[in-house]
Amino acid sequence: MTGRLIKWKRRWRQENVDRKGRYEIGYGKPPRHSRFQKGQSGNSRGRPRAANNFTTIVGEALREPVVINENGRRKRATKAEVIGKQLVNKAAKGDTKLILLLISFLEKHPQINTRSTTMTAAELDEKTNLLADAVAILADLGVPIPVVTDRGKAAVSRTAAPEMGPKSG
């Protein structure tokens, strides 16, 4: 060994000796001169923030408050509430696409319609007949009607006519 190398090894050994004896270098045991200083973190900036995805951006936008005029009074509401009210109001005016959208939404999210009301059998029959008439009118106009299957999923059918028996051929 050359003299320089021997001097370097001696100096390295002196730097890397702790109170208990010789300091071993290995996995998880870096040399003393390359360790972090006391009170200084190895990751001072921390983990960088993740970029927002589309769902996060839309969710934040829908939760933003806005001021609206309702019955001549100013009222604060979220954008999602305003959109929901406009959707229901336009459906109530007769927009068939929005009516179908609302029906399919309520079928997918039954917990929204949880208000318990008692209804007589006559009222139930009347509402059922009214709904059946509305579905028949929409079918005559050629509007696709959501049909609920036995598993609770809505499927859109283009015709109101019942299916005929098995196809031959």
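Q: Which element supplies the largest share of the lining of the largest pocket?
A: This is a predicted model, where local features need pLDDT of at least 70 and side-chain atom pairs count only at pLDDT 80 or more, while totals for chains, interfaces and linings use all residues. Residues are numbered from 1 along each chain as its sequence is written, and side-chain values use heavy atoms, leaving out hydrogens and water. A pocket is an open set of points on a 1 Å grid over the protein atoms alone where a 1.4 Å probe fits, with protein on both sides within 12 Å along at least five of seven lines, and its lining residues have an atom within 4 Å of a point. Of α4 (96-108), α5 (121-140) and β5 (145-148), which each supply at least two lining residues, the one giving the largest share, ten residues, is α5.

Q: How many helices and strands does the chain have?
A: Helices (H or I, at least four residues) and strands (E, at least two) are DSSP runs, numbered from the N terminus. Reading from the N terminus, you meet α-β-β-α-β-β-α-α-α-β-β. The chain therefore comes to five helices and six strands.

Q: Is Leu 62 buried, exposed or partly exposed?
A: Let's place it first: Leu 62 sits in helix α2, and its C-alpha atom is 6.6 Å from that of Thr 78, 16 residues apart along the chain. Buried means under 20% relative accessible area, exposed means over 50%, and partly exposed lies in between (1.4 Å probe, protein chains only). Because its relative accessibility is 33%, Leu 62 counts as partly exposed.

Q: Which side chain meets Glu 64 in a salt bridge?
A: A salt bridge puts a side-chain nitrogen of Lys or Arg within 4 Å of a carboxyl oxygen of Asp or Glu. Here the N to O distance is 2.8 Å, and the partner of Glu 64 is Lys 79. This pair links distant parts of the chain, 15 residues apart: Glu 64 lies in the loop between α2 and β3 (65-70), and Lys 79 in helix α3 (residues 79-92). Glu 64 is partly exposed at 37% relative accessibility, and partly exposed at 31% is its partner, Lys 79.

Q: Which residues do salt bridges that share partners join into one network?
A: Side chains of opposite charge can pair when their charged atoms come close. Glu 70 meets Lys 75 at 3.1 Å, N to O. Glu 70 also forms a salt bridge with Lys 85, the closest N and O atoms being 3.0 Å apart, and this pair links strand β3 to helix α3. The shared partners join into one network Glu 70, Lys 75 and Lys 85.
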